[in-house]
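Here's a quick briefing to read with the structure open beside you. Find each spot as it comes up.

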Amino acid sequence: MRVFLSYHSSRRATVEHVASYLGRHGIDSWYAARDVTSGTDWDSAITSGLADCDALILLFCAEADASRHVKREIHLADQARIPIHWLRLEHVEPLNLSYYLGTTQWIDWLDERDVTLESLVRALAPGASTMRSTSHRGATGAAGPAEAPFSMVEADPSWPSQVLS
């Protein structure tokens, strides 16, 4: 299992921590600050990095929601039907990314405790419904046997059921 970590550059320490945690649990990760080498064409590296991954993990915060680069990464993952998991780092709702995230469940990582990341590791485990080969998102986001590519955790009752305005 290899995952693409999408994040805003202001969260570099967070992405390094998440990559390290996933690595300790047998999940390889790819993220730009570490894996795009000097002199490499940035957009080609991002596209290739994402193509080699089984899932995308978004470290979601207000800055990521406003980032055009993060939006491009999410768009590429969506086009390739790569499952998108998002770790919510702060109490903000997706506005610019609501089109892509509105039908998927998030994992609250507001406390930044490693024990919270365990649900992500379980969702990425072999045989979980998030495997890329079975990922297909229906128009309604309804979860059926072949249409449940996203991790499901208990919903936060304070979060609105519909993000769309």
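R88 is buried, with a relative accessible area of just 2%, and that is under the 20% cut-off for the label. This buried arginine still has a charged partner: R88 forms a salt bridge with D108. Keep in mind as you look around that this is a predicted model.

**The R88–D108 pair**

- The closest N and O atoms of R88 and D108 are 2.5 Å apart.
- R88 sits in strand β4 (residues 84–88) and D108 in strand β5 (residues 106–108), so the pair links distant parts of the chain, 20 residues apart.
- Is D108 buried or exposed? Neither label fits, because D108 has 24% relative accessibility and counts as partly exposed.

**Other salt bridges**

- How many salt bridges does a search of the whole structure find? The count is 7.
- One of them joins the side chains of R2 and D28, with 2.7 Å from N to O.
- That bridge also ties together distant parts of the chain: R2 belongs to strand β1, while D28 belongs to strand β2 (residues 28–30), 26 residues apart.
- R2 is partly exposed at a relative accessible area of 25%, and D28 is partly exposed too, at 39%.
- Another bridge pairs D114 with R24, where the closest N and O atoms are 3.7 Å apart.
- Here the link runs between helices: D114 is in α7 (residues 114–124) and R24 is in α1 (residues 12–24), 90 residues apart along the chain.
- D114 is partly exposed, with a relative accessible area of 26%, whereas R24 counts as exposed at 52%.
- Why does R24 get the "exposed" label? Its 52% relative accessibility is over the 50% cut-off.

**Two residues with a positive phi**

- R81 isn't a glycine, yet it has a positive phi of about 60°.
- Look for R81 in the loop between α5 and β4, where it counts as partly exposed at 44% relative accessibility.
- E112 isn't a glycine either, and its phi is positive as well, at about 55°.
- Where is E112? You'll find E112 in the loop between β5 and α7.
- E112 is partly exposed, with 42% relative accessibility.

**The second largest pocket**

- This pocket holds about 240 Å³ of space.
- Its lining is made of 14 residues, and Y7, S9, A32, W42 and E73 are the ones nearest the centre.
- Which elements give two or more residues to that lining? They are β1 (2–6), α2 (32–35) and α5 (68–79).
- Sorted by class, the lining has 7 nonpolar, 5 polar and 2 charged residues.
- In general, rolling a probe the size of a water molecule over the atoms shows where empty space is left.

**How far to trust the model**

- The chain averages a pLDDT of 82, and 78% of the residues score at least 70.
- Which stretch has pLDDT under 50? That would be residues 131–165.
- The model still has 66 contacts beyond four places in sequence for residues 131–165.
- Go easy on fine detail in such places, because predicted coordinates should not be read in detail where pLDDT is low.

Methods: Residues are numbered from 1 along each chain as its sequence is written. This is a predicted model: local features need pLDDT of at least 70, side-chain atom pairs count only at pLDDT 80 or more; totals for chains, interfaces and linings use all residues. Side-chain values use heavy atoms; hydrogens and water are left out. On a 1 Å grid over the protein atoms alone, a cavity is a set of points where a 1.4 Å probe fits but cannot get out, and a pocket is an open set with protein on both sides within 12 Å along at least five of seven lines; lining residues have an atom within 4 Å of a point. Grid points are joined across faces, edges and corners, and a volume is the space filled by probe spheres set on the points. Helices (H or I, at least four residues) and strands (E, at least two) are DSSP runs, numbered from the N terminus. Ala, Val, Leu, Ile, Met, Phe, Trp, Tyr, Cys and Pro count as nonpolar, Asp, Glu, Lys and Arg as charged, and the others, Gly among them, as polar. pLDDT is the predictor's confidence in each residue, from 0 to 100. Contact means heavy atoms within 4.5 Å. A salt bridge is a side-chain nitrogen of Lys or Arg within 4 Å of a carboxyl oxygen of Asp or Glu. Buried means under 20% relative accessible area, exposed over 50%, partly exposed in between (1.4 Å probe, protein chains only).
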